[in-house]
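This report describes salt bridges and the burial of the residues that form them.

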Amino acid sequence: MRSIVNSIYNHSKETPHKLAVIAPDKHISYADLWKCIQGTTVQLKKCDIQEGDRVILEASHTVEFLVCCYAIHLAKGVHVPVEKNVPDDRIAEISQEIKPKMVLKGLHPLAALGLNLNDLMDGDGELSCDFPEESLLQEILFTTGTTGKSKGVMVTHYAQMNMCESQNAILNYSKDNVWLIPTPMNHAAGLRKTHMSMVMGSTVLLIEGFKNLKLFFDAMRNYKVTSLYLPPSAVHYILMLAPKELAKYDEQLDFLYSSSSALPGGDKEKLIELLPHVRKFDAYGGSEVGAVCYIDYNSVHRGMGCVGKANPGVDIFIVDEDYKPLKATKDNPGIIAIRSNTVTAGYWNEPKLTADTIHDGVIYMTDLGYIDEDGYLFLVGRRDDVINIGGLKIAPTEVEEVALRFPSIAECACVPFEHPTMGKILKLLVVIKNGNALDAERLISFLESQLEAYKIPKVIETIQEIPKTYNGKIDRKKLIC
């Protein structure tokens, strides 16, 4: 039986003293991590957690969080992570959906169970283990709901292990790697990179966020980080504020990995220049399937929007609105469809959405794209984000990627706007770099040199900040008025 907890158990026997997790609250070996997971599982069962029971757990960058997460797995419960400092009304909303057996909030969830890490690590004796079957539900990940109602994505142990093993193989991820994870642990991106490390038997380093760049780079240096996960917004932030500092790690880093949304082409070029010896991956996937498509853009150059070829064992194809095969192009993109052994078991309490989205092992994504003659997938944008202006469809990400190359722009977002006389038009919201002023005429000329006329925004407006979700994506709902 494959599972993350079974993998941790194996590593606790094979490499007991190897560091599994480095976090603000504790550095812990695989042997001690396994002790803590076992002891917490015993306590969960005393609290009558049984197979299939849902447990809401507030996520944090701590060993305590991971111990509780994996103990829930071992108890055959279903882990439901929620964001740190989650409001009570959000807990109530999710509880209404999933009817949890238990809710563990705060930075010290073990205390709510009457436990602490030190006592758990001091425990002796090997307890008998009954590892979960692969078919059992492991986690429910709630989406951000940026394009509608938040959905609970159901992931089985089988799908999760397939994700971990496939991605570790594609990345050529080593037991000797130290992977720095600064992103939210309730989201698929951060949590699954940690799962991948636990399956491989490597070390994961957890820090909360990347806004404190001194803390970020100190961690990279002190713990000899070799693998770095950063969403595109974090890449852009670091390239603006500390590119020379990042360049110092060219010989130390094995790879840098981005996902969640497309990495702007200009940032890719800067990373190639700053880190010529580092493997640099852009990935495509989702909470429902994991990362199913990769490109090492340090060695493969295919242009704007390319996210690589499908992983071995994954079939990616393009369909129309009726889910019929489509020969899509850049100007006529279609819906991305994926057949894989990592596909979600469905959406919690959403039978119609599940039936509409998943057919015969194929999931139909909310993204639009096309596949070129060499088999490379190009991401155009989300179906819900595409803007229809006079019958012409525009992906806002294409406009944003070009605009971000303009020297004075730090961030931007392209959104639809109802103009009182022109009707529906494109509006570009921009954040200006410190010490710069916006020359709107020059910006328009720059955009016109690289985009078709119908993709040029009619209104340009400066704002102080682009709102984002906790996983770094533009929160377009807050910008559209």
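Buried means under 20% relative accessible area, exposed means over 50%, and partly exposed lies in between (1.4 Å probe, protein chains only). The model is predicted: local features need pLDDT of at least 70, side-chain atom pairs count only at pLDDT 80 or more, and totals for chains, interfaces and linings use all residues. Residues are numbered from 1 along each chain as its sequence is written, and side-chain values use heavy atoms, with hydrogens and water left out.

A salt bridge is a side-chain nitrogen of Lys or Arg within 4 Å of a carboxyl oxygen of Asp or Glu. The count by this rule is 26 salt bridges. The table gives some examples.

| Lysine | Acidic partner | N to O distance |
|---|---|---|
| lysine 76 | aspartate 130 | 2.7 Å |
| lysine 84 | glutamate 208 | 2.7 Å |
| lysine 268 | aspartate 282 | 3.5 Å |

Lysine 76 and aspartate 130 form a salt bridge. This pair links distant parts of the chain, 54 residues apart: lysine 76 is in the loop between α3 (63-74) and β4 (78-82), and aspartate 130 is in the loop between α6 (117-122) and β6 (137-142). Helices (H or I, at least four residues) and strands (E, at least two) are DSSP runs, numbered from the N terminus. Lysine 76 counts as buried because its relative accessibility is 15%, whereas aspartate 130, at 46%, counts as partly exposed.

Lysine 268 and aspartate 282 also form a salt bridge. Here lysine 268 belongs to helix α12 (residues 265-274) and aspartate 282 to strand β12 (residues 279-286). Lysine 268 is buried at 12% relative accessibility, and aspartate 282 is buried at 1%.
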